[in-house]
Every structure is written in structure tokens, then in C-alpha cells.
There are 2 protein chains.
Amino acid sequence: MRTSELFTKTKKELPSEEASINAQLLTRAGYISREAAGAYNYLPLGKRVLDKISQVVREEMDKIGGQEILLTALQSKELWELTGRWDDKVVDVWFKTKLKSGSELGLGFTQEEPLTALLRNYVSSHQDLPLLIYQIQTKFRNELRAKSGLMRGREFLMKDMYSFARDQAEHKKLFEKVKQAYIKIYERLGIGDLTYFTAATGGSFSKEFSYEFQTVAENGEDVIYADKTLKLAVNEEVNGPEALEELGLDPKKLEKIKVSEVGNIFNLGTKYSSLLGLNYVNEKNQESPVIMGCYGLGVSRTMGIIAEVLSDKNGLIWPEEIAPYQIYLTYVGSSSNTKKAAEDVYKRLTEAGVEVLYDDRDARAGEKFADADLIGLPYRVVSSDKTVEEGKVELKKRTASEQKLVEAEELVKIFTNNHKVTKSD
Amino acid sequence: MRTSELFTKTKKELPSEEASINAQLLTRAGYISREAAGAYNYLPLGKRVLDKISQVVREEMDKIGGQEILLTALQSKELWELTGRWDDKVVDVWFKTKLKSGSELGLGFTQEEPLTALLRNYVSSHQDLPLLIYQIQTKFRNELRAKSGLMRGREFLMKDMYSFARDQAEHKKLFEKVKQAYIKIYERLGIGDLTYFTAATGGSFSKEFSYEFQTVAENGEDVIYADKTLKLAVNEEVNGPEALEELGLDPKKLEKIKVSEVGNIFNLGTKYSSLLGLNYVNEKNQESPVIMGCYGLGVSRTMGIIAEVLSDKNGLIWPEEIAPYQIYLTYVGSSSNTKKAAEDVYKRLTEAGVEVLYDDRDARAGEKFADADLIGLPYRVVSSDKTVEEGKVELKKRTASEQKLVEAEELVKIFTNNHKVTKSD
């Protein structure tokens, strides 16, 4: 993509209405724009990041046998009354609306009810289980205050998975599978090292823990107590002697860290299946309610957190898997050969399938380099009068200060050769 | 995918609340389920079709330079008041809701307003134009009556593209580009032959036409008068002598046909740019409002129409580009080698990247064949006691009555060798 064709432009000014670093950087770099408090538009660069994060999540959910669906946002009052969650006093984040007939509808903020009800059509026997079902869907939450940019929105993209098991042993297996998939997702998203599996509620003998995945963040809204060696943590609520013992944590080894939540996994037990009548019959012809789990991962929220925790004072720093493009290519200098060389590199790389954002503007080098840093692609490639003389271009990692000179052909090889060799550059 | 793992099952009964053929077939085959009138859940098979149609649309929009974004569903009252479209008397399909603060919000049913307003941040000079910008987004319309299954929903997936041009000549070029892209899309979706470019309003000298793409449909809600040779039509409104002359149509050659709309393209002129102040400055430093066009394509609606017009009494018939899987594989017979052969074929095909739905149930042949027809994948492959003796399997097109015997190895070749050779089978 040529920046001359991309409709967004970078902005120098901080958006006045945005207090959070993620919204400031993403807005200035042209990834998002605010439509209303807590509701953001995804512009071409932002849409690409959102799609790439979704794809990483989808692949890992599919690998463990997840079946992808898409439920409706519109929710009918009658269903949610059956579980007692229609009442605004019970759930205070509903957006509600009405049909012309006067019937009330709500906008889904989570989807235990419709999926449990739906499965009554398909699950009746032990042979129909276990199941892992997920969707990547726009959710709506009428938050009293929308803040922190993409991190707490009123409209946001979320992956919600639900598990359906016959017994506790099977449920635990599914739970563990999803946990491992989450760990892989955060690794692929470039925040594996920063993310802690955190017991959030439960404990003290029989009460099962629910867990959060928490990522170290200077401006995080939560606090955890983490054992950095075990990669296990507890939040304030669970930080007591009994729970720590159950989890095998030594209080002396725990470190207090500010974090932001990037995912959560819950046991739902038979709460929804009992209330809504999702039962199965076992080999002995006995009927029991299905045991459920629920696994959330805020896709747009995680995009905001990554923007925030992996950035530096000059701008965003995207991990390769989710960068909108791999290379920010440009030219600086006055020789006509310099631009020509950049055009040639652009042509070769795009033909080889490498994702390149080509800054083809006639602008000052300082401006171009500042934009490259702000937009935060993993690599910057520059053709200059000097490099052209040597028949080369300059390759620099966003996070490195050194650069190296490479020939165009070598560059294509580096970025097509499974792309992994570049990681150490 | 093994049907034993797929959570949906086919149903013999017609869903009582569905009057339309598309909803009946898609529900019985397990592609969708109705959550509320006009709002459908996409189950694993349905989600795959929806994704594939979206991908075809995306590819053709990208090819003509479309930039993909994702705008919010939540819309603020203040913006829409500026164009006079907030009022329920002007727009009668709004779903409206409220923030806790009491501020009113609407759910987007189209998005001229937010996109025009957004572009004020990025468009100011003639160098910033032309632009083609689109999204594939869930839209909400509070229809008085939701009917016809996926064809008229209250919540549905739509591709909406908007063009931004400097002058009429440039606008016409963009308009023509999108028209050609639409024609390609319908060809790829398997309804090219059935779809007519139809003048829908306008004409009589200076008034520009707006156009619809209309697909021949027995239960269609519209009527067109089509010249089958020119592949051009008019609807009732435009079917007058002056308009026909302007369009170069001979009334004697027109045939009255029942159709369903699969897309529409409009000139917006400067209506929204004037009201919202989206202007650009030309080379002579003169300021003018941007000239806009709007191009809709209902993704889920088109899925419903394809389900309806390409089906037969036995079930769905998906074109290859958008079938959830290419092959319905199964086995019939009692020899243990028969199932083994099917398992072997399944392994080979999936390893070669061919999308196979493998009916691995122990069920009667009649039941399996009925399901194969109902689910409507382009090809059926069967291993039977007889074919196994010959070391082969039976390959049959969904639309053909003859079948042929092929070896497993040959089958893999047919479906991996660019897959085009199979079209004539």
C-alpha cells in the first residue's frame, strides 16, 4: 500500500478528548477514530490489526476443536428473564431497544443464554458432547464511564468461547485445553512474557478458581501478586494464605505488579444449563445438566493493551504477527535513482507477497522517519542517495538503533524465507 | 470436519415459524437458527458460507482500490440531526437506545453520515481524492415486518462502499469500476447468469439513474423488465418510453421477470458532503463539496437468495466458491474395508488442503444421501463395498445424476489441481 493512496494521515497533535496512551497513539497514527465515547471506528491500518489478532485467536481456537459461529447481537427479553439477567438491577450494562410492536430487545454483552438455549436443539445424548463453540463478535456494554481508549469500550470486538462437558473431569480437560490455547495466543501476540495466569476468585477448599490473564502495564487498572518463576499470580481478592497454599504459591516470592486484563476463563457449572434445560442422557439413561465453561478474550481491548505496553515515546511497536504491514519503506535524498530504487524494492516485495507500506511522498526525511516510528511496523527500509550508490537499501528493526545495508534481492529473501530469520536482525 | 464432531444436525421437520424457502432449507440443514424474527444465528456451516461470500466481496472491492474499515454500529443523535435523518418520521427503521446519562444513540442502518464526517479529518485537497472506502458490517433495521428469512432481516451483514470524487467525470469512472466489480462478484457467487443490472430510479433527461442488481427468483419480491441479450433491465418505476430510450432499451424486447435484489448502487451527489462540510480545494484554490456514491451489497441477504434460487426440492446447491466444504464424503455398506477406505480418502484430501465434510456416522445410505443433498456441497464422494473391491470411490456432482469411479489418488489430484478441472465432471 502506498501512503499516497491510504486515506488516513498521521497527526502531530494529541487528540484532546483522549487521555489514554493507546487511544492517543492509535488515533495519531491513523489506526482508529473515536465515533462516540467508548466507540471507535477502525481505519484501514486498524482494521488490519484487528483482523490479524482475530485470525490468531481463531487459529488457536480451531486447533483445540472450537467450532466458530456468529450469534445475533439482538437479544429477546423473554430468554434472559429465564436466567434473571434481563433486569437492569442485576445487569447494569444493557443497551436496550424496542421493536415497532413495542417488544423489548437488548444488545448482547455476553451470550451464555442464547447459546445454551440454541444447543437444546442439538444436544440430548452423551454422544453429542463434549463441545467447544466460539464466536468473534461485536459486543455492546452500556458502561457508565467509557475510558482508556480501546481498553474499556461500549462497543468492542470480543472472542467468547463456551465449553460443554458431561462431567467435571471432562470439563477440567476442556478448561486446561483452552488455557493452553490462550497462552499460545498471547505468545503469538507478542505479550507472552508479560502475561500472567492469575487466580481471580474462588479457592478456600471446594470453591473453584476463576482465572484472568493479566498483562504487565504501567497504566494498568488492576494489581496482581505474581510468582515470576512459576508464571502464576493471584489478584487482591485471592491473595490470602489459604488460597495461596491451594495454588502452591509462596507469599514471599510474590511481587506486586500493575496489570491490564487480556482474557478470562470461568467455570459456569450447571447454572445456565439447569435454568434453561440443557440436559443430556448418559449411557445408563440418566439425565443431567451439561457442565459449562466460559472463555473471554477482548480482541479490540487486547489491541489497545498491546498498543500501550509495547509502544515507546516515538510511537507504536507492533509484533510481526499482527502488524498491519511488515515493512515501512521509503526513500530520502535528491537523486532520481533513489526514489526509483524504492519503487523497485516496493514492486519486488509486493510481488513476493510481503506486506509493505510504502511512503512514496516527497517529504523531509525527519517527517518520514517520525511517521515510520509512530505507525510502528516491525521493519523500516530506506533507499537513500548513499545506499543507492552501493546498490543497496537500509534495513532497520523498529526496536533497534543499528541498521544494515542489504541488496534488494537479499531483502526479498529475508522476508519470504519463512520470515523467521529476520527476528534476530 | 467430521459430522460426528459438528454440533449441528440436519432436521427432517420444516421449522414451523419459517415461511421462506431459504430459511427452511438453511435451518433444516443446520446453517442458521432463528434467534428472533429477522435475526438469525450463523452456525458452523452458515458461518463458513457467510465468510466465503464476504471474502469474494472483499477481494473484488480491494482489486478496484477499496480501503476496508469498520465503523461503529452505535451512532450519535447529533451527527444524524445535521442531515435530518435522525427523526423517526424521516427514517422509520432506526433502533434507538440510550446511554446511562440519557443521551440517545441509534444503531447504524447505513453509514453515509459517520464516514462523511470522519473524512473531514483526512480530505482537504484535490490530492486526497478520489477514494473508495468500504466495510463489511452488521447493520440493524427496525423493519415493521421481518420476513423472507435472510432476505429481509432486522440484523444482517452488509458490505457498504462509498466513493468520493472531485468531479462528475471522476465519479462516473468510480461508479463504473464498482459496477464491473459487482458483476464479477455475482459471477463468482454463481448467480452471474441470473442477475440483471437494473435501472431503478431516475432518467427523463438530467436525472441520473440509480441501479439495482436483481436476481431471477421464483419467490422474488420485485419485478423487472429485462432485455436478456443486453443483460440490462428496468424496474416498474423506470419502465416508461423516455427512460427506456435513454437507456437504449427496446420495449418490445423486454421480458417481465420476478426477481430479488442482491445489490444497489446510487449517486449521492453532494448531498452529504454539503450538509456535513466535506470539501476539497482544487488546483486553483477553489473549494467544492466532494461528490459521493454509495454501493450496497447485503452479504447475508445474498446468501439467502443464493440458497433459494440455486436449491432444488432435495436441498441446497452451493457454488464452489462459497460452499462451506467442497466434498461430502461418506461410506455405505457393511465391509470394514469400506469405512477404512473412506477414512483413508478423508485423511488424504484434508492433508492436501481440500475442504471435506466427512459423514462418519453409522447410518443408512438413504439418510446419508438425503443429508448430502440437503447440505448441498458441490461434490459427493462415497465409498461402498462395491467400489472398495475395485480400489475406488464414487464421485458425483450435486447437480448431476451420473457418478464416476475414481481412485483415491486421482481424487486428490482432481481437487488440488487448481480444482477447475472438476467443473465439467
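Two strands pair if DSSP finds at least two bridges between them. With that in hand, welcome to this predicted model, in which strand β4 and strand β6 (residues 104-107) of chain A clear that bar with three bridges, in the antiparallel sense. The briefing below starts from that pair, moves on to a hairpin and a helix crossing, and ends with the two copies of the chain.

**The three-stranded sheet**

- β4, β6 and β5 of chain A make up an open sheet, in the order β4-β6-β5, and the pairing is antiparallel.
- The edges are taken by β4 (74-76) and β5 (95-98) of chain A; each has a single partner strand, so one side of each is left without a neighbour in the sheet.
- On average, neighbouring strands here are turned by 40° against each other, direction ignored.
- For a landmark in the pairing of β4(A) with β6(A), look for Leu74(A), which has Leu107(A) of β6(A) opposite.

**A hairpin further along chain A**

- Strand β20 (residues 393-397) and strand β21 (residues 403-406) of chain A run antiparallel and are joined by four bridges.
- Five residues lie between β20(A) and β21(A), and the two strands form a hairpin.
- A handy place to view this pairing is Val393(A), which stands opposite Val406(A) in β21(A).

**Where two helices cross**

- Two packed helices are described by the angle between their axes and the distance between the axes.
- In chain A, the axes of helix α2 (residues 44-63) and helix α8 (residues 299-309) come within 10 Å and cross at roughly 110°.
- Angles of 65 to 115 degrees count as roughly perpendicular, and α2(A) and α8(A) are therefore roughly perpendicular to each other.
- The crossing of α2(A) past α8(A) is right-handed.
- On the α2(A) side, the contact involves Gly46(A), Val49(A), Leu50(A), Ile53(A) and Ser54(A); on the α8(A) side, they meet Val299(A), Ser300(A) and Met303(A).
- By character, the residues of this contact between α2(A) and α8(A) comprise five nonpolar, three polar and no charged.

**How the two copies are related**

- Two copies of a chain are related by a rotation about an axis and a shift along it.
- Here, chain B is superposed on chain A by a rotation of 180° with 0.0 Å of shift along the axis, at an RMSD of 0.0 Å.
- The two copies are thus related as by a two-fold rotation axis.
- Both copies use the same surface, since 100% of the contact residues of chain B recur in chain A.
- To find the axis by eye, go to Thr97(B): among the residues of chain B, its C-alpha comes closest to the rotation axis, at 2.6 Å.

Note on methods. Residues numbered from 1 in each chain as written. Chains lettered and ligands numbered in written order. Predicted model: local features only at pLDDT ≥ 70, side-chain atom pairs only at ≥ 80, totals over all residues. Heavy atoms only, no water. Axes fitted to C-alpha atoms, helices over the stretch in contact; angles between N-to-C directions. Parallel < 35°, antiparallel > 145°, perpendicular 65-115°, else oblique. Left-handed = near helix turned anticlockwise from the far one by under 90°. Contact = heavy atoms within 4.5 Å. Nonpolar A, V, L, I, M, F, W, Y, C, P; charged D, E, K, R; others polar. Least-squares fit on C-alpha atoms with pLDDT ≥ 70 in both.
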